[in-house]
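Work through these short exercises with the structure open beside you. Try each task before you read its solution.

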Amino acid sequence: MEKLLANQVALITGASSGIGYGVAQALAAAGAAVVLNYHSHAEAAEKLAEEIRHAGGAALAVQANVSDPSQIEQMFDACRAEFGTVDIVVANSGMQKDSAIADMTLDDWQAVIATNLTGQFLTAQAAVKEFRRRGSRPVSKALGKIICMSSVHEIIPWAGHVNYAASKGGIQMFMKSLAQEVAPERIRVNSIAPGAIRTPINKSAWDSDAALKKLLELIPYGRVGNVEDIGNAAVWLASDQSDYVVGTTLFVDGGMTLYPGFADNG
Ligand code: NAD
């Protein structure tokens, strides 16, 4: 049977670690050629690219800072040079710089907004331009697919993390507004909102017994998520199986957004 994403090209930003790494593995396993963007960890991205090629897939690692428009342009040039175009773009890069409001520097605010929100804007803008440039391809019903990596914090307030929560709240309306704008061209834009996924970004939340116990109180399903949970969701959202799914946030969170604090009568 032909693989779900056969003959398609996927670009994943922030693919050298965590969720981006897992999403890249999943999209490659589903048959897509993958472009692995990394910011600073070339070795991890090159190693994953090599593993994918070794397994019979196609992969290219490309360095770019997603908050820099000229580097985004070079990254899309690299996609075109290697694979001709791109069909699936996962805007995943993100970071946290946490502190209480009085201690948060303007630099900490701006750095998080620049990567998490402006970075997704620049990535999605370049994706739309590329989909329009190359026109329809027989590989998918959609002209192109964009997946924004959001968070449960697009709706759950998060004290001590106002920059991060604001960036993800911004992604919610950015994604929906863009989806509305480009849906008539058959470009599908959606988000994945992970709950607590075991990655470097939130290591302190799961790497001790006490922290893990506290974290699990927030997750009705009773386990921390793994990057495969997000990879599986990304494959579905990128494929024609979700062809009628437009402008939706898919929460992959073990029920974190069910407000478990209210389970015992509040
Ligand atoms: P991570 O730290 O492993 O991955 C983040 C990636 O983004 C890294 O590869 C990093 O190099 C890259 N990055 C950072 N700044 C960049 C820039 N300027 N240009 C290009 N790349 C840059 O953490 P993760 O958990 O895998 O996070 C991936 C995404 O998932 C983020 O958007 C994060 O907000 C989101 N998310 C994660 C969780 C979780 O529980 N892990 C929950 C909700 C949302």
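**Exercise 1. Polar contacts of the ligand**

Task: Find how far a polar side-chain atom of Asn65 lies from a nitrogen atom of the ligand. Then look at the side chains of Asn202 and Ser16.

Solution:
- Step 1. Keep in mind that this is a predicted model.
- Step 2. Start at Asn65. A polar atom of the Asn65 side chain is 2.9 Å from a ligand nitrogen.
- Step 3. Go to Asn202. An N or O atom of the Asn202 side chain sits 2.9 Å from an oxygen atom of the ligand.
- Step 4. Finish at Ser16. Here an N or O atom of the side chain is 3.5 Å from a ligand oxygen.

**Exercise 2. The ligand's surroundings**

Task: How many residues surround the ligand, and which are the closest?

Solution:
- Step 1. Count the surrounding residues: there are 27.
- Step 2. Pick out the closest: Ser17, Ile19, Tyr164, Ile197 and Thr199.
- Step 3. Place two of them in helices. Ile19 is among the α1 residues that meet α7. Tyr164 is one of the α5 residues in the contact with α4.

**Exercise 3. Helices α1 and α7**

Task: Describe how α1 and α7 are oriented to each other: parallel or oblique?

Solution:
- Step 1. Locate the helices. α1 covers residues 18–29, and α7 covers residues 227–238.
- Step 2. Read the geometry. The axes come within 8 Å and cross at roughly 50°.
- Step 3. Classify the angle. The range for roughly parallel is under 35 degrees. The pair is therefore oblique.
- Step 4. Add the handedness: α1 crosses α7 in a right-handed way.
- Step 5. Sort the contact residues. They comprise 9 nonpolar, 4 polar and no charged.

**Exercise 4. Helices α3 and α4**

Task: At roughly what angle do the axes of α3 and α4 cross?

Solution:
- Step 1. Find α3 at residues 69–83 and α4 at residues 106–134.
- Step 2. Their axes cross at roughly 40° and come within 10 Å.
- Step 3. That angle makes α3 oblique to α4.
- Step 4. The crossing is right-handed.
- Step 5. On the α3 side, Pro69, Ile72, Phe76 and Arg80 make the contact. Their partners in α4 include Leu122, Ala126 and Glu130.
- Step 6. By class, this contact has 6 nonpolar, 1 polar and 3 charged residues.

**Exercise 5. Helices α4 and α5**

Task: Are α4 and α5 roughly parallel or roughly perpendicular?

Solution:
- Step 1. α5 spans residues 162–182.
- Step 2. The axes of α4 and α5 come within 8 Å and cross at roughly 15°.
- Step 3. The two helices are therefore roughly parallel.
- Step 4. α4 passes α5 with a right-handed crossing.
- Step 5. The contact splits into 14 nonpolar, 5 polar and 3 charged residues.

Methods. Residues numbered from 1 in each chain as written. Predicted model: local features only at pLDDT ≥ 70, side-chain atom pairs only at ≥ 80, totals over all residues. Heavy atoms only, no water. Axes fitted to C-alpha atoms, helices over the stretch in contact; angles between N-to-C directions. Helix = DSSP H or I, 4+ residues; strand = E, 2+ residues; numbered from the N terminus. Parallel < 35°, antiparallel > 145°, perpendicular 65-115°, else oblique. Left-handed = near helix turned anticlockwise from the far one by under 90°. Contact = heavy atoms within 4.5 Å. Nonpolar A, V, L, I, M, F, W, Y, C, P; charged D, E, K, R; others polar. Near = heavy atom within 4 Å. Polar contact = N/O pair within 3.5 Å; in protein donor to acceptor, adjacent residues only side chain to side chain.
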